[in-house]
Number of protein chains: 4
Amino acid sequence: MLVANYRTGRVPRAVRSAQLLELADQLFAERGFHAASMDELARRAGVSKPVIYDHFGSKEQLFATCVRRTGEALADRVAKAVREESDPRERLRAGSIAYFRFLQDQLRAWIVLFDGEDARDTRFATEASRIRRRQSDLMIHLMAETSGTTPDHEGRPRLEAMTLAIAGAYESLSLWWHEHPEVPPEELADWLLDLIWPGLEQLNAQLATSS
Amino acid sequence: MLVANYRTGRVPRAVRSAQLLELADQLFAERGFHAASMDELARRAGVSKPVIYDHFGSKEQLFATCVRRTGEALADRVAKAVREESDPRERLRAGSIAYFRFLQDQLRAWIVLFDGEDARDTRFATEASRIRRRQSDLMIHLMAETSGTTPDHEGRPRLEAMTLAIAGAYESLSLWWHEHPEVPPEELADWLLDLIWPGLEQLNAQLATSS
Amino acid sequence: MLVANYRTGRVPRAVRSAQLLELADQLFAERGFHAASMDELARRAGVSKPVIYDHFGSKEQLFATCVRRTGEALADRVAKAVREESDPRERLRAGSIAYFRFLQDQLRAWIVLFDGEDARDTRFATEASRIRRRQSDLMIHLMAETSGTTPDHEGRPRLEAMTLAIAGAYESLSLWWHEHPEVPPEELADWLLDLIWPGLEQLNAQLATSS
Amino acid sequence: MLVANYRTGRVPRAVRSAQLLELADQLFAERGFHAASMDELARRAGVSKPVIYDHFGSKEQLFATCVRRTGEALADRVAKAVREESDPRERLRAGSIAYFRFLQDQLRAWIVLFDGEDARDTRFATEASRIRRRQSDLMIHLMAETSGTTPDHEGRPRLEAMTLAIAGAYESLSLWWHEHPEVPPEELADWLLDLIWPGLEQLNAQLATSS
DNA sequence: AATGAATGAGGTTTCATTCAT
DNA sequence: GATGAATGAAACCTCATTCAT
């Protein structure tokens with residue numbers, strides 16, 4: 001089966017969509033939401049602007065799609081990594097490594113999520129925090145499995161807050177890593193686990209008994 | 001006659017400056033850098049645009065001034081709170097409470113710092129990360145006092161990374177708090193300390209011996 | 001149907017470009033660079049401003065394009081006229097007539113060149129003096145042919161200065177002509193030749209022997 | 001008699017005026033009409049803007065005053081130099097040298113006149129051409145004296161045109177000189193005289209007989 | 001005689017978005 | 001399915017000019 005020349009002329013809709021998303025991801029990462037222009041995206045894609053509007057409706061929707069896609073990819077990778085271990089600490093460690101590795105591969109795309117020029121815009125903050133929350137949920141799930149219990153109604157907010165705090169720590173650490181790429185992700189993960197694991201275990205115990 | 005009617009007409013320069021900064025802080029917090037417009041600021045201040053330009057030179061400089069001002073206020077408050085305690089854990093706790101309290105008072109202004117639309121813009125990332133780094137340095141200092149030692153050359157990056165991670169945890173936790181204002185800042189501080197204190201003590205010990 | 005209604009609506013790119021250049025030439029001539037506004041150009045062209053920016057990038061580039069275009073047209077005309085004569089004096093005369101005729105046709109455009117509001121602006125002085133210099137070079141060339149020699153290193157600056165002076169005389173004379181259009185260009189040319197030809201011949205002889 | 005400190009505080013009206021004119025001359029020469037701002041003039045003069053408006057009414061009037069003043073100074077110098085010689089050629093030579101020397105001293109001010117950013121603006125073209133015309137009149141006068149006759153009605157326009165052309169040559173030559181300041185003004189004057197004197201004498205004779 | 005504070009109008013430029021083909 | 005051409009709205013910024021003191 002030959003590969004058609006997709007750079008010019010008619011292209012199946014799905015292929016165009018994927019190609020555009022890929023380029024948009026790059027562009028948003030390079031420039032941020034506001035500074036990225038539809039004109040440039042069109043130029044890079046070798047396509048006229050109406051094509052983009054036909055596919056995604058608006059710049060905002062296009063951005064949302066990019067963010068969602070990246071968030072899902074991240075969650076998938078972390079979840080998969082976690083699933084391959086059984087010891088609780090190892091699971092968290094594996095997840096962390098997967099998280100940092102994802103950044104290594106997709107740094108550009110990730111930047112869009114948490115350090116993007118427009119994270120604060122109410123329209124997009126939603127998307128970003130949705131992803132953060134997914135990471136947090138994943139961790140809650142993890143800990144619930146570990147302790148074999150679910151925190152009661154009272155303990156819930158605390159757990160939620162803590163996991164979000166941890167997600168924040170990951171994000172901030174990633175920014176630091178950006179400037180110290182020589183540190184291997186495994187070491188990064190170990191550092192972070194050494195920092196929070198003791199507290200996490202205690203928290204887990206505490207919430208478990210309180211239930 | 002003591003106080004002129006400052007709502008319209010002629011106002012002393014210093015007063016105008018302060019008023020404009022205050023309103024700009026609000027506006028940037030609401031909209032982010034890009035989406036905030038000088039036109040709107042002028043409208044809110046009941047002033048024509050040239051006034052703003054006369055005072056701050058450009059939108060960028062105005063923003064920088066806002067950010068710097070907020071960052072300094074935050075650092076001052078935290079430093080002051082820390083100074084009033086002597087036990088290491090209590091010091092961190094006091095600093096944390098001060099940090100969260102600052103948000104309660106100045107939430108709008110704070111948002112500009114870490115969740116702003118333009119954190120990613122290199123021009124501003126500098127400002128924001130400088131503040132984060134100041135918090136981090138403050139904490140490193142704190143820990144050094146506690147352990148009575150300074151980490152060696154090898155331990156330094158790790159300590160730096162960890163404090164930045166913790167700063168990230170604070171920031172993220174603040175966003176969560178934004179949606180759960182019923183939790184008192186003392187409780188928030190206790191939660192976070194319970195989470196990281198064990199790890200911090202160990203880290204401190206470890207870096208101390210390794211030096 | 002051959003010719004679409006180009007006064008409104010969609011027009012092929014090349015046509016729009018030409019139309020805009022024409023109108024810009026007029027506008028710059030009427031008002032000078034600074035006083036001419038893109039708004040007015042757009043209004044006159046019955047087009048929105050972004051169209052202009054799409055075609056020429058910036059006001060400065062638009063201006064440069066106008067100037068260059070006019071300068072080239074002038075040089076072409078003069079060169080062509082000169083080429084059609086063989087006697088040195090006749091050649092200069094023919095060139096002069098062509099020069100003045102060009103003004104008659106393109107007065108507006110010409111004004112942009114040498115009496116423009118912004119000759120002094122370094123960005124444009126370059127363009128204008130380049131054209132003046134081209135005229136001067138043309139004349140130097142002409143005289144070299146006449147005398148069959150090239151002035152030596154010492155004589156060069158003098159010749160250059162003199163031809164530029166003559167170019168200035170042309171320009172100034174053109175302004176005068178603007179207010180005395182009843183004088184035919186041939187007469188104008190004769191006047192000027194009577195004035196400078198004797199001196200030119202002597203100069204030519206002098207520089208030739210000195211070499 | 002002591003000199004009061006005129007840089008601050010109250011200053012007699014005439015002194016202020018003179019001081020402002022001097023600085024305005026400089027500023028216009030440096031920046032051109034449009035780019036020169038009243039704000040900067042006020043700053044340089046250490047005076048508030050209303051003072052300037054009180055003295056000159058408007059930017060336009062201020063500029064006109066500058067130009068007129070410079071033009072008069074130039075005409076005075078040239079006239080004076082001419083008066084000190086008796087042989088016609090020497091008189092023209094002396095006038096030319098005075099002209100070029102004026103530039104050497106007052107280059108900045110001169111630029112405002114003929115190469116200014118706004119020479120073309122109808123409002124100012126008037127001023128500039130008035131000066132050019134004065135130079136031209138001066139020369140006509142000179143030649144009339146030489147030949148002892150005044151050209152008849154028919155010869156007048158031609159003489160006028162020629163003298164204006166010559167004035168243009170001077171201006172253009174001055175620009176060239178700007179880039180070759182090593183040439184002494186006497187040499188410049190000789191060059192120009194060698195070029196136009198033969199033609200001028202013939203013209204003079206011709207117009208004299210024709211009358 | 002002089003000023004600090006303010007303004008209105010206008011400038012260039014950029015962008016997301018949409019017809020008409 | 002795709003495009004070339006066009007637009008409306010809004011952004012930042014500057015300047016000559018004038019009150020009110």
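**Notebook: DNA strand E, ring pairs and cysteines**

**Entry 1, DNA strand E.** I looked up what lies around DNA strand E and found 37 residues surrounding it, the closest being Lys49(A), Lys59(A), Arg10(B), Arg16(B) and Pro50(B). Of the atoms of DNA strand E that come within 4 Å of the protein, sugar and phosphate account for 56%. I note here that the model is a predicted one.

I then sorted the residues of this surface by kind. They divide into 17 nonpolar, eight polar and 12 charged.

**Entry 2, polar contacts with the strand.** I went through some individual contacts. Met38(A) uses a polar backbone atom, which is 3.0 Å from a phosphate oxygen of DNA strand E. Arg16(D) has a polar side-chain atom 3.3 Å from a phosphate oxygen of the strand. Which part of DNA strand E lies 2.4 Å from an N or O atom in the side chain of Lys49(A)? I found a base oxygen there.

Next I listed the elements that give two or more residues to the surface near DNA strand E. In chain A this is helix H3 (49-56), and in chain B it is H1 and helix H3 (49-56). Chain C gives helix H2 (38-45) and helix H3 (49-56), and chain D gives helix H3 (49-56).

**Entry 3, aromatic pairs.** I searched the whole structure and got 32 aromatic pairs over all chains. I looked at Trp176(A) and Trp191(A): their ring centres are 6.0 Å apart and their planes stand at 55°, so I logged the pair as tilted. Trp176(A) is in helix H7 (residues 155-179) of chain A and Trp191(A) in helix H8 (residues 185-210) of that chain, so the pair ties together parts that are 15 residues apart in sequence. Are these two residues buried or exposed? I have both Trp176(A) and Trp191(A) down as buried.

I turned to chain B for another pair. Phe28(B) and Phe63(B) are edge-to-face, with 4.8 Å from centre to centre and 85° between the planes. Phe28(B) belongs to helix H1 (residues 13-31) of chain B and Phe63(B) to helix H4 (residues 59-83) of chain B, so this pair ties together parts that are 35 residues apart in sequence. Phe28(B) and Phe63(B) are both buried.

I also found a cluster in chain A, where ring pairs link Tyr99(A), Phe100(A), Tyr170(A) and Trp177(A).

**Entry 4, Lys59 over a ring.** In chain B, I found Lys59(B) over the face of Phe33(B), 4.5 Å from the ring centre. In chain C, Lys59(C) lies over the face of Phe33(C), with 4.5 Å to the ring centre. Lys59(C) is in helix H4 (residues 59-83) of chain C. Which backbone oxygens does its side chain reach? One belongs to His34(C), at 3.5 Å. Another is that of Ala36(C), 2.8 Å from a polar atom of the Lys59(C) side chain.

**Entry 5, Gln26(B).** I placed Gln26(B) in helix H1 of chain B. Gln26(B) has 22% relative accessibility, so I count this residue as partly exposed. I also checked Gln26(B) against Ala36(B), 10 residues apart along the chain, and their C-alpha atoms are separated by 9.9 Å.

**Entry 6, cysteines.** How many disulfides does a search of the whole structure find? I got zero over all chains. I looked up two cysteines for their accessibility. Cys66(C) has a relative accessible area of 0% and is therefore buried. Cys66(D), with a relative accessible area of 1%, is buried.

Terms used:
Residues are numbered from 1 along each chain as its sequence is written. Chains are lettered from A and ligands numbered from 1 in the order in which they are written. This is a predicted model: local features need pLDDT of at least 70, side-chain atom pairs count only at pLDDT 80 or more; totals for chains, interfaces and linings use all residues. Side-chain values use heavy atoms; hydrogens and water are left out. Rings of Phe, Tyr and Trp (its six-membered ring) pair if their centres lie within 6.5 Å; planes under 30 degrees apart count as stacked, over 60 as edge-to-face and the rest as tilted. Helices (H or I, at least four residues) and strands (E, at least two) are DSSP runs, numbered from the N terminus. Buried means under 20% relative accessible area, exposed over 50%, partly exposed in between (1.4 Å probe, protein chains only). A charge sits over a ring if NZ of Lys or CZ of Arg is within 6 Å of the ring centre and within 35 degrees of the ring normal. A residue is near a molecule or strand if one of its heavy atoms lies within 4 Å of it. A polar contact is a pair of N or O atoms within 3.5 Å; within protein, one must be able to donate a hydrogen and the other to accept it, and residues adjacent in sequence count only if both atoms are side-chain atoms. Ala, Val, Leu, Ile, Met, Phe, Trp, Tyr, Cys and Pro count as nonpolar, Asp, Glu, Lys and Arg as charged, and the others, Gly among them, as polar. A disulfide is a pair of cysteine sulfur atoms within 2.5 Å.
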